[in-house]
Amino acid sequence: MSQTKKIALVVQSGTIDKLYCAFILASTSVAMGWEAHLYFTFWGLQSLVKGAMEKASLPGDYKHLEEAMRKNLERMKYPTPYEMLKRLKQSGLCKVYACTPTMEMFGVKREDLVPEIDDMVGAATFLTIAADANVSMFI
Amino acid sequence: MSQTKKIALVVQSGTIDKLYCAFILASTSVAMGWEAHLYFTFWGLQSLVKGAMEKASLPGDYKHLEEAMRKNLERMKYPTPYEMLKRLKQSGLCKVYACTPTMEMFGVKREDLVPEIDDMVGAATFLTIAADANVSMFI
Amino acid sequence: MSQTKKIALVVQSGTIDKLYCAFILASTSVAMGWEAHLYFTFWGLQSLVKGAMEKASLPGDYKHLEEAMRKNLERMKYPTPYEMLKRLKQSGLCKVYACTPTMEMFGVKREDLVPEIDDMVGAATFLTIAADANVSMFI
């Protein structure tokens, strides 16, 4: 049994609140020396299309809170979701997977996606990793 | 300790994107010889009402992507969510639970539901199973 | 290794359906003698602002079901989400955490929040607890 702790997240959402949750959980894990495995599917996968994550916004029900949140994030000098993803990759402890069935369902090609992706895989690869993760979540 | 690996999912959502996520994770688990335990609650439970799953659609925020997704699914000859549920049951490795408190909250009766349900139970039964699952998620 | 079983939930949502899910899973866990650890972030955290949980409602896509659900809950004499939170605290087995980055993002102060909170912490504290939980979920 491996000594390194591990978090395994399915990132199904593409709204900025959920992306922040995924990246905060992953960044915190990595800062504690854990491995972080992020499997992007559906709207999460769509947010990996070049230029898409920069446009991520709050879900419809919470749109009225967006301006205040963005002002506070700026004041806090909080990194954007894409900056967090790039830092995660720089840690050397984070792997990013793109869900191949989602790519086919929405006609997304490898060249459409940001370069931070390690691999394009199906759910079997992810579940094999998640099977002995300390924390696995669906976001 | 059991040798068979196990996935335990709370299916709270009834939109087609989340149902696909639940069934893809469960189908992949079963294909690897794992047990899959699916606990349907709230909108997930509502999608088990006869005829409801066939009408499942994308959430409001993503409605504009529905037509393109459906065309791709047809081209891929991808099974519908209900077909996936039936195949899951045929594997002999998948158990489907209906959440009894949700049934009472929304006035749903056993005879209203599809026949693929194994049992109508409360959260205690599910959590006892999830307690030693390799992967447990809330979808 | 601890003998007491444990559930660790990230409560990211603030709609009444998701709050009920979190509190039903936590209450059931506590009734079985498990520890329950609830980490409130984003809209979940906002629902801990004094007076907010009483106003929690269904998400936009399901608003048309709200009246029927409320009538059934009343008929069942089902506790409100806030009543469930108070009972959870009375069990002595449930810890409630407020996510400090969310508080800063949305300008929420300690005195704005209900008194049931045990601690204001970041994700590291929560993940350290979740690392050996039997069930961890993101709601």
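Let us start where two chains meet: 25 residues of chain C are in contact with 29 residues of chain A, contact meaning heavy atoms within 4.5 Å. This is a predicted model, in which local features need pLDDT of at least 70 and side-chain atom pairs count only at pLDDT 80 or more, while totals for chains, interfaces and linings use all residues. Residues are numbered from 1 along each chain as its sequence is written, chains are lettered from A and ligands numbered from 1 in the order in which they are written, and side-chain values use heavy atoms, with hydrogens and water left out.

Chain C and chain A bury about 2100 Å² between them, and carbon and sulfur atoms give 73% of that area. Buried area here is the accessible area (1.4 Å probe) that two parts lose on being put together, summed over both. On the chain C side, C:Trp43, C:Met105 and C:Phe138 lose the most area to chain A, and together they make up 32% of what that side buries. The count of salt bridges between these two chains is zero, a salt bridge being a side-chain nitrogen of Lys or Arg within 4 Å of a carboxyl oxygen of Asp or Glu. Polar contacts do cross the interface, with five residue pairs counted (both at pLDDT 80 or more). Such a contact is a pair of N or O atoms within 3.5 Å; within protein, one must be able to donate a hydrogen and the other to accept it, and residues adjacent in sequence count only if both atoms are side-chain atoms.

Which elements of chain C supply at least two residues each to the side that touches chain A? They are helix H2 (42-46), H5, helix H6 (123-130) and strand S5 (135-138). Helices (H or I, at least four residues) and strands (E, at least two) are DSSP runs, numbered from the N terminus. H6(C) gives the largest share of that side, six residues. By residue type, the side divides into 15 nonpolar, nine polar and one charged. In this scheme Ala, Val, Leu, Ile, Met, Phe, Trp, Tyr, Cys and Pro count as nonpolar, Asp, Glu, Lys and Arg as charged, and the others, Gly among them, as polar.

Now for the symmetry. Two copies of a chain are related by a rotation about an axis and a shift along it. A turn of 120° and a shift of 0.0 Å along the axis lay chain C on chain A with an RMSD of 0.0 Å, the superposition being by least squares on the C-alpha atoms of residues with pLDDT of at least 70 in both. These two copies are thus related as by a three-fold rotation axis. The C-alpha of C:Met137 is the one in chain C nearest the axis, 3.2 Å from it. Why do the copies meet through different surfaces? Only 12% of the interface residues of chain C are also interface residues in chain A, so different surfaces are used.

Turning to chains B and C, a rotation of 120° with 0.0 Å of shift along its axis superposes chain B on chain C, again with RMSD 0.0 Å. Here the contact takes 25 residues from chain B and 29 residues from chain C. In chain B, B:Trp43, B:Met105 and B:Phe138 supply 32% of the area that the chain buries against chain C, more than any other three residues.

Within chain C, let us look at helix H5 (residues 100-105), where C:Thr102 lies. C:Thr102 is buried, with a relative accessible area of 1%; buried means under 20%, exposed over 50%, and partly exposed in between (1.4 Å probe, protein chains only). Leaving aside neighbours within four places in sequence, C:Thr102 is in contact with C:Thr41, C:Phe42 and C:Leu45. A polar atom of the C:Thr102 side chain lies 3.3 Å from the backbone nitrogen of C:Phe42.

Finally, the structure holds 12 salt bridges over all chains. One of them joins the side chains of C:Lys6 and C:Asp132 (2.7 Å, N to O). C:Lys6 lies in strand S1 (residues 6-11) and C:Asp132 in the loop between H6 and S5 of chain C, so the pair ties together parts that are 126 residues apart in sequence. C:Lys6 is buried, at 13% relative accessible area. In another, the side chains of C:Glu66 and C:Arg70 meet at 2.9 Å, N to O. Both of these residues lie in helix H3 (residues 66-75) of chain C, four residues apart, about one turn of the helix.
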